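Biologist: I am new to this structure, and I would like to learn how its pockets are read. Could you take me through them slowly?

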Amino acid sequence: MDINFRYGRETMTITINEANVAGVIGNTMTGVIDPGAEIRRALNQPIASPRLQEIIDRQKPTRVVIVVTDVSRPIPYRNLLPALLNVIHETGLGPEQVSFVIATGAHRPNTDEENQEVFGNLVRQYNFSNHDCDNDLAFLGHLSNGTELWINRQVANADMVITIGAIMPHNLAGFSGGPKLILPGVAGRRTIEENHRMMNQAGVGPGHLSDNPIQQQMLEAARMVGVDFVLNVVLDWHNGISRAFAGHPEAAWRAGCQYARHIYEQPLPDKAEVVIAGAGGYPRDANLYQAVKALVNAGRMVKPGGTVVLLAKCRQGMGDPQFARWMDGVQEPEEVLARFRRQGFILGGHKAYVLCKQLKDKEVVMISHLDQAQQRLAVFRHAADWPTAENYLKKKHGVNYRALILPQAGLVFPLSH
């Protein structure tokens, strides 16, 4: 049988004997036919909130900041933004009163070319700026656990803040979107580090909300910033809009999380000796830093001593300089785990720790376009293509090996038991 995986901006098809397939985990749901109409519906039927035009009429802002995600998230902003901007401008606000802040968190800034690709002609009509987690920040006080809340100054000084993102499973925050646009999206490095430092606490994981200390702190930060309105979408397996949720910063996001859980949370069969996982194509597999998310989900479904085959193009290489430094020259996963125990949490290094935790009791065969230097990462076995990877699987597990297949591994997490 043939199974298609998104690989960068292309499709990679693998051919596998049906007898070797223990199951294909995914969802066939497709997006709405008219994305613009779905956005307008959500804006006209806000959840637990007046309509946006009513909020603007009441507050009379002169400076509106719209917070959007960076290029590492596959969000169809060209479908989301026109309807929202029409509402804003119908109240009398001009383009010069509306600016966009790209919520990079601690990631690199979007390039001009990437902004053009994601936002189209809007980049010539509005001011777009990348958040910088080390500069131009405002101190808003302390969060309940004592963490200092440093926020992008432009966001902190805005008369009105609107956040727009996508709700997807997230290995730390439970679900993305909503308050994650504020923390880590437009927060200072120290604030982000203190938040992510809780990564090993109880309650942290995909789908966890009420008992998740990382997500609870994100919500608290969004309340302190004073987000006025949110627009979130849930994406289908092809990055099309399945449904939109607008309104109250917390209530509308939670409604979206419930819907996302319905789409993404899957009943899973028993763990398999082999898992074949796709990172999801660009931008989810733009670099190894992003592709680790898919590997974590795939790792939950493989037996100890088993093998994960990860298809992730990684045309941008490692992705994060600190992550790359932590992985440089590593021969065994325990080297990174010991360093993390010794040095404590370091942003970027934490992703190396997450990766190497996965590698402790399983093997990963990587099909990618990492450059030759990075291909020598000793913690992976590298394969040039699927036939090469399958030949190895047959040698290790036998010709009758059984594999679970996850074409979009980053969007799957197991049902709670």
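Biologist: What volume does the second largest pocket have?

Modeller: Rolling a probe the size of a water molecule over the atoms shows where empty space is left. This is a predicted model, in which local features need pLDDT of at least 70 and side-chain atom pairs count only at pLDDT 80 or more, while totals for chains, interfaces and linings use all residues. Residues are numbered from 1 along each chain as its sequence is written, and side-chain values use heavy atoms, with hydrogens and water left out. A pocket is an open set of points on a 1 Å grid over the protein atoms alone, where a 1.4 Å probe fits, with protein on both sides within 12 Å along at least five of seven lines. A volume is the space filled by probe spheres set on the points, which are joined across faces, edges and corners. Here the second largest pocket has about 460 Å³.

Biologist: Which residues are closest to its centre?

Modeller: Lining residues have an atom within 4 Å of a point; of the 28 that line this pocket, Ala106, His107, Arg108, Gly319 and Asp320 are the closest to its centre.

Biologist: How much space lies in the largest pocket, and how many residues line the largest pocket?

Modeller: The largest pocket holds about 770 Å³ and is lined by 41 residues, with His170, Asn171, Leu172, His350 and Lys351 nearest its centre. Helix 13, where a helix is a DSSP run of H or I of at least four residues, numbered from the N terminus, gives the largest share of that lining, six residues.

Notes
Helix = DSSP H or I, 4+ residues; strand = E, 2+ residues; numbered from the N terminus.
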